Amino acid sequence: MKFVLSYSCGKDSTLALCRLTAQGHEAAGLLVMMNEAAGRSWFHGADAALLARYEDALGLPLLPVPARGADYHLAMEAALRRAKDLGAEAAAFGDIDLAENRRWCEDRCAAAGLPAVFPLWGEDRAALVREALDTGIRCLIKAVDPARLPRSLLGRFLDRDTLREIAAQGADLCGENGEYHTLAVDGPVFRHALPFQTGRTLDLRGCSVVEIL
């Protein structure tokens, strides 16, 4: 099967990519939804320069999709149609268990005429994050909700020690409730590690983030 993956650059979509390629499926490309006003990816804040490095490190075409909040769903549908024209036979997503998110993805795929695939769906959240680590995916903690996790986690790698710290705060290990976000910087699907540097720590509305340069 040739697929296009909705790629956030985070651990879950990277694990979904690992699983699908290990099963012998071929990625036609990676859709990255871009905040048109900010010039960065939605949710994980990767800019164009960083995404170019992702494309080189992964050896896969990244398909940036500029979108505003109001037309986000239409931009996704148009991008899925373009991916279908490029040979994609399905669209894959790294969602785990949030039914509303899955329905949204399925609606976009139905509009574009592609089946939706969810390689991680319904599995235990803690088991999935541990699988990501055991698989060799290296993830940098890019953002935290400071009301639920300490800012000291920013810029650190997700590993067993940080998982223990996250658990001690009573937060979801997988960050599915928005406790933290990651950027994958190396792993089995990477041709080489992603080059990066950490910059300033910024406090935004409801979120603390570290710049990735």
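Entry 1: Trp42 and Phe43. I looked up the exposure of Trp42 in this predicted model and found a relative accessibility of 23%, so I recorded the residue as partly exposed. Buried would require a value under 20%. For Phe43 I noted 62% relative accessibility, so Phe43 counts as exposed.

Entry 2: aromatic pairs. I then turned to the rings and found eight aromatic pairs in the structure. One of them joins Tyr7 and Tyr54, with 6.2 Å from centre to centre and 75° between the planes, and I entered this pair as edge-to-face. I also checked where the two residues sit in the chain: Tyr7 belongs to the loop between β1 (2-6) and α1 (11-22), while Tyr54 belongs to helix α2 (residues 48-58). The two are 47 residues apart, and I noted that their pair links distant parts of the chain.

Entry 3: exposure of the tyrosine pair. Are Tyr7 and Tyr54 buried or exposed? I read 3% relative accessibility for Tyr7, which is therefore buried. Tyr54 has a relative accessible area of 0% and is buried.

Entry 4: a tilted pair. I returned to Trp42 and Phe43, whose ring centres are 6.2 Å apart. Their planes stand at 45°, so I recorded the pair as tilted. I further noted that ring pairs join Trp42, Phe43, Tyr72 and Trp104 into a cluster.

Entry 5: arginines over rings. Which residue lies over the face of Trp104? I found Arg108 there, at 4.9 Å from the ring centre. For Trp121 I recorded Arg102 over the ring face, at 4.9 Å from the centre of that ring.

Notes. Residues numbered from 1 in each chain as written. Predicted model: local features only at pLDDT ≥ 70, side-chain atom pairs only at ≥ 80, totals over all residues. Heavy atoms only, no water. Phe/Tyr/Trp six-rings, centres within 6.5 Å; stacked < 30°, edge-to-face > 60°. Helix = DSSP H or I, 4+ residues; strand = E, 2+ residues; numbered from the N terminus. Buried < 20%, exposed > 50% of the residue type's maximum accessible area, 1.4 Å probe, protein only. Lys NZ or Arg CZ within 6 Å of the ring centre and 35° of its normal.
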